[in-house]
Each structure stands twice: as structure tokens, then as C-alpha cells.
Amino acid sequence: MTKQEALHIYLLRMGDDSLILGQRLSQLCGHGPILEEDIALTNVALDLIGQATLFLEYSGELAEQPKTNDELAYLRLEKEYVNAILVEQPNGHFGDTILRQFLFDAYRKPLLEKLLDSNDERLAGIAEKSLKETKYHLRHSSEWVIRLGDGTEESHERIQNSLESLLRYAHELFFENEVDKLLIAEGIVPSAESIFPIWEKTLNDVLKEATLTLPKNNWKFQGGREGRHSEHMGYLLAEMQYMQRTYPNMEW
Amino acid sequence: MSESKGWPLWEVFVRSKQGLNHKHVGSLRASDATMAIKNARDVYTRRAEGISIWVVPSNNITASDPSEEDSLFEPSQTKVYRHPTFYDVPDGISHM
Amino acid sequence: MKDLNISKLEAIFQQKIDDDVKIEPNDWMPDAYRKSLIRQISQHAHSEVVGMLPEGNWITRAPNLRRKAVLLAKVQDEAGHGLYLYSAAETLGADREKTIDDLHSGKAKYSSIFNYPTLTWADMGAIGWLVDGAAIMNQVPLCRCSYGPYARAMIRVCKEESFHQRQGFEVINKLAEGTIEQKEMAQDALNRFWWPALMMFGPSDDDSSHTEQSMRWKIKRNTNDELRQMFVDVTVPQAESIGLKVPDPHLKWNEEKECYDFGPIDWDEFWQVVGGNGPCNKERVDARRKAKEDGKWVVEAAMAFANKRNAKKTA
Ligand SMILES: [Fe+2]
Ligand SMILES: [Fe+2]
Ligand SMILES: [Fe+2]
């Protein structure tokens, strides 16, 4: 594997995480629990779609046969998407949505911070822009986890359940294979090892303030990074790709 | 103003750029001040309309009574000497 | 204040209106003025929020990343507009959640246009172009409305609306320039949205119960028929310029009056839709009701949390 191939895949992961999570959040536009929060979640969705646009654009340029970001976003097979399984999970109730977001933001923020020092200038630039947005997302999601955890009995129970069902997908965010090894050696990306403790600390701090408890079940799912997704993914793609698949080769 | 058991109402003030006053832009609902600031950012500054936000619980605002408008504000209308145009400056004098 | 009798207050009030002095929240105003404003502003607010749904229906299927982002931003703006307007209504003492409950119970109305389904991507073009276009036409005069908070909210709204119409026109124009299938899609959207867009201006002046008083109070500044005519006159040439045909066999330029004559509007359909029998009335209100019901525990939790923290602070 060359450096270029590795970077292409790495950027695809970053782009797919943003794209698929942005797609999920955009399903909620118009259906938020209260108008103010509808607007807030849509802002997050917009930021993520914007980040996906940049990561996929760069990734596409590095592909063996160069592709546009739209081609990558809309015209791959399910097994070619390399987002983490976490981000494709359905929105569920508001607690599920927020917890999914929190687990992701808590990982994404330190990752982007480390990417500021990447030897790849363009990647560092995208990270810089995205970091400003992601800091805000993390604040938003962690404040909500705390509110729901330490709110009413009902909200506490609901978000504790969200944690039980979603935490198992979070560990995949720290997946590494030869792509990462090569890029870490080149000083282009940070190691999962360097991010995991930061993520874990954020998780523990927020859960503590939210009076939530870490689930005992420590089962760890993975597969998304290698293109093996959950059953939800096919439906998400069917919807997202609908226009491009129904009307091939047209401009919109 | 009647209030349902939902979130309280906050008045939002935005400073659009350095050197200008905060200006009232509207209101919104939020459960606490932190959320009110966040919501204000998302609702009232989506197009970079602001660099600083104040939020105040609406029920903490005391307004002057419009029926006393006359006694409150009219006296100042007759104090024309507070305004620079009250004074004659000879032609040819500038920077004043 | 006490010795001023109502008729004197009313005279002062009408004088302010006639002199184009804005009415502000704490000023004395006739009850009917307050009621009329609350009705109009909250209807408008509901329209913005319900209006998120037909377009929201296509965000997840937008054909490329740029369109997806633009549509998201646009629909989000509508939520903002709803909020500005609810906030203006609150200055008149209309509690937002109660106002919203009136929408959910079917008591309050909203713009009939949002009860039509969005069936193809071209509808995103037709809505931005025609529906936002008609809305702008309605709303620009409202920036001069006699009630201060409403006028100020409308200034914000109108500033933001201008991109909405342009993005819609861009969508439809792209289709009109595209393949045969795309062109057909565009024409079909125009066919379905043209008449409902004309109905957005409300019943004709002869049948409009609120117009006259609203004009005297400067809550409204043009009649429904005036605005509708203006809309037809600017929109028909736009359709022609991109090669689409307005679905009205009676449409004809009137040399003498220097405006378009157009065919009769199906007012039966209009009243049916206003009365709750449009293709999507039930879906729209159900969706909004569901959002509120599903969000109830969230709203309560945030409040409970805030109260706990406040108690800690003061303890
Ligand atoms: Fe709007
Ligand atoms: Fe509007
Ligand atoms: Fe709009």
C-alpha cells in the first residue's frame, strides 16, 4: 500500500463518518423536540455535510481513478462505505440521538486537534475548519447528556438505556489497520492510542456529572471500517442514493 | 405574561460588531442561561450577525410605563441646548 | 390613564397609526387589534413551521451534497422564521406553547399551500421559486406593518427569504435545461404548484373578511387580489424565460391594463384545503403534534435539571 492509497482510505473514513451522521441528523429537520433544538441539530447536520464535502473531495482526488465528492457520496456500494457502525444507527428517541452524537464528538474533537499537526497540510487545514464546529457540537451534546441524565427519572432511565445500547459501537472509532500504521509512521495522522484516553476521560467526566453509569456489558462491535455494516445501512443508502440511482448521469 | 410549564422566555441582545451596542433582536425559550446563549447563537446569528450575545430572562425586565411617556421623555425634548445644532458657529470654522 | 376613556384612547391609537407611528408591546391598543394581530402572526408562524415538512421530505434524498446543504439551510431558516414570529406574538401575550397547541388541535390555521405533497425533486424548485416567491410578495409590505415587533420580525425574515427564492429558481432552471425527463419533472411541478401558489394570497377581496379592518390598522398594506396580480405579473415571464408553460389556458397579457389576465381560481378546492381536507393536512399536523409529544420528556428533563442546579446555587 502506498501513502496515497492509505490517505485516500483514511479520508474516506472521515468523510463517511461525517456524511452518514449528517444524513441521520438531517432526517430530524422539522421533527425536533422543540423549535430551538430543531435548529441546533440542523446546524450540526449542516456542519457535518460540509465536512463530508471537504474530506470526500480530497479523498476522491487521491483515488486510483479520481472521483468527485458527489460520486463518492452517492455512487458506492454499501460495502465500500467505511464509516463506523455507530453513526449509521437510527435516530431513535432524542436521548439516542444525543448520546450517539456525544460518543462521536468526544472522539472527533481530540482527533481533529491532533490532525492540526498533520504533515499533510491540506488535511490539517480541513481539520482546523472542522475543529471549530466540532468543539461546539461536543459542548452541545455533552450538555444535553448531562441534562437528560440528571433531569427527571424518566429522562435518566431513557438515556441510561441509550448508553447501554450504543456504547458497544463506540470502540470501533479506535479501529486501526495497516492504513493507520502507515500514516502514523509518516506523521500524517495520530494513533488511536493517543486519542482513546482523551475520549475515555470526556466520557467518564460527562457520565459522572450526568449521574449515569458505565454499562457492564463491554461487547465491542466492529466492521464498518471494513465495509461490514448493520442492517440499517442499506435503507439509509437507498434513501440517500435514490435520485442518483433512479436518474443516472444527470446534473442537478 | 402567562407562562406554561415549559421553558422560560429569554430576551436576546446581539452585538453585531466590535464598537457597537448590544441590540435587542427578539426572544426565545430555554431551560437555563447556557442553553439560552446557545439557542440565541443558532437562532439569531446563523448569518454571522453577531460577535457577542446577552440573554436576559424576560420576566427580569422592568419597562417604563407608556402612559407616563410624557413625563419621562418630554422634558428632555425641550432641552435643546443638549444638542450641538443649538449653537451658532461662524462660517469658516471647521473640525467642530 | 384612568380618566382617559376608551374612545379617547382609541382616537390616540388611530392617530398614531395614521401618522405611521409604530405600536409597541406596552402601548394601549384596542382588543380587536391585539386579537387580530395574534391571529395573523401566529398563523404566519405556524405556516413557517409546517412549511418545513414538505421540503424536509426531500432533504435526505437531495441529489448531491451541495443541494443537500442548501436545502437543509433553507428549511432551517424556516424554523428560525417561525421562532421570530412566535416571539413577536409573545409580546402580545400569546404564550407560544398554547398557540402551538391550537395548531395541533386544528383550531389555528396555516398557509394552505403546505398541505400539498412534494412528489419529486422538482417540487423543491417549485416551492422555492413559487411559494417563497409568493411569500416574499406577501411579506415585504408587512415590514411596514403598524405593530413594531411584527414589522421588525418581518424585516429579518425578508432578508433571509431572498436566498430561498433564488435557490428554488436555480433548482428548477437546472431541470429545465436538463434531459427530457428532468424537463418533464419541472413542468409537472409547475403544473401542480401554480394554482395552489395563487391561492396562497387568500380569498379574493370580495370574500376576505379581515382585509378592510386590517388595512385601516396597517396590519395589512395591500389587498389579496393586488398581491396576487403582482405575483402573476412577475412570475409568468420567469416561467417563459426558462421554457416552462404556466398551466392556465386563460392567461393573456392585457395591453390596456398592462398586466396579465388569468383564469378563475378553484375556490372550492381552496376552502376544502383550508377546512382540513387537503391531500396532506392530516400528515402535517400529525407530524408537528408527534414532534411535540415525543419531545415532552426532553423539555421536562431540561427544566427539572435547571431547577435542580438553581436550587444548588441558592442553597
Ligand atoms: Fe420563511
Ligand atoms: Fe414566510
Ligand atoms: Fe422561505
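In the predicted model described here, Glu78(C) is buried, with a relative accessible area of 5%. This residue is one of the protein donors of the iron ion (ligand 1), which are Glu48(C), Glu78(C) and Glu161(C), each through OE, and His81(C) through ND1, lying 2.0 to 2.2 Å from the ion. The four donor atoms make angles of 83 to 152° among themselves, and the site of the iron ion (ligand 1) is accordingly classed as irregular. Along the sequence, the donor residues of this ion follow the spacing E-x29-E-x2-H-x79-E. Because Glu78(C) lies in helix H4 (residues 65-90) of chain C and Glu161(C) in helix H7 (residues 148-176) of chain C, the pair ties together parts that are 83 residues apart in sequence. Glu161(C), like the residue named at the outset, counts as buried, in this case at 1% relative accessibility.

The iron ion (ligand 1) is linked through bridging residues to two further iron ions. Glu48(C) bridges the iron ion (ligand 1) and the iron ion (ligand 2), which lie 3.4 Å apart, whereas Glu78(C) bridges the iron ion (ligand 3) and the iron ion (ligand 1), with 3.3 Å between these two ions. For the iron ion (ligand 3), the protein donors are Glu78(C) (OE), Asp132(C) (OD), Glu161(C), which is listed with OE twice, and His164(C) (ND1), at 1.9 to 2.8 Å from the ion. The corresponding donor residues are spaced E-x53-D-x28-E-x2-H in sequence. Within this site, Glu78(C) in helix H4 of chain C and His164(C) in helix H7 of chain C form a pair that links distant parts of the chain, 86 residues apart. Both Glu78(C) and His164(C) are buried.

Attention turns next to charged side chains. Side chains of opposite charge can pair when their charged atoms come close. Over all chains, the structure holds 47 salt bridges. One of them is formed by Glu36(A) with Arg96(C), for which the closest N and O atoms are 2.7 Å apart. Since Glu36(A) lies in helix H2 (residues 35-62) of chain A and Arg96(C) in helix H5 (residues 96-104) of chain C, this pair joins two chains. Glu36(A) counts as buried at 0% relative accessibility, and Arg96(C) likewise counts as buried, at 2%. These two residues also belong to a network of salt bridges in which Glu36(A), Arg96(C), Glu97(C), Asp101(C) and Lys292(C) are linked.

Another salt bridge is found between Lys38(B) and Glu143(A), with the closest N and O atoms 2.6 Å apart. Here Lys38(B) lies in helix H1 (residues 33-44) of chain B and Glu143(A) in helix H6 (residues 121-149) of chain A, so that this pair, too, joins two chains. Lys38(B) is buried, with a relative accessible area of 4%. Within chain C, Lys16(C) forms a salt bridge with Asp27(C), the closest N and O atoms being separated by 3.6 Å. This pair links distant parts of the chain, as Lys16(C) is in helix H1 (residues 6-18) of chain C and Asp27(C) in the loop between H1 and helix H2 (31-50) of chain C, 11 residues apart. Lys16(C) is partly exposed, its relative accessible area being 23%, whereas Asp27(C) counts as buried at 11% relative accessibility.

Two loop residues were noted for their backbone geometry. Most residues other than glycine have a negative phi. Thr211(A), although it is not a glycine, has a positive phi of about 55°; this residue lies in the loop between helix H9 (192-209) and helix H10 (232-240) of chain A, and counts as partly exposed at 41% relative accessibility. In Lys218(C), also a residue other than glycine, phi is positive and near 55°. Lys218(C) is found in the loop between helix H9 (211-216) and helix H10 (224-241) of chain C and, at 16% relative accessibility, counts as buried.

Finally, the packing of H10(A) was examined. The buried residues of this helix are Met233(A), Leu236(A), Leu237(A) and Met240(A). They cover an arc of only 95° around the axis, and therefore lie on the same side of H10(A). The elements covering these buried residues include, from chain A, helix H1 (3-26), helix H3 (69-74), helix H4 (85-88) and helix H11 (242-246), together with H4 of chain C.

Notes: Residues are numbered from 1 along each chain as its sequence is written. Chains are lettered from A and ligands numbered from 1 in the order in which they are written. This is a predicted model: local features need pLDDT of at least 70, side-chain atom pairs count only at pLDDT 80 or more; totals for chains, interfaces and linings use all residues. Side-chain values use heavy atoms; hydrogens and water are left out. Donors are N, O and S atoms within 2.8 Å of the metal (3.2 Å for Na, K and Ca); water is not among the atoms, so sites may look incomplete. Four donors count as tetrahedral if all angles lie between 85 and 135 degrees; four count as square planar and six as octahedral if opposite donors are over 155 degrees apart and all others between 65 and 115; anything else is irregular. Helices (H or I, at least four residues) and strands (E, at least two) are DSSP runs, numbered from the N terminus. Buried means under 20% relative accessible area, exposed over 50%, partly exposed in between (1.4 Å probe, protein chains only). A salt bridge is a side-chain nitrogen of Lys or Arg within 4 Å of a carboxyl oxygen of Asp or Glu. The arc is that of the directions from the helix axis to the C-beta atoms. Contact means heavy atoms within 4.5 Å.
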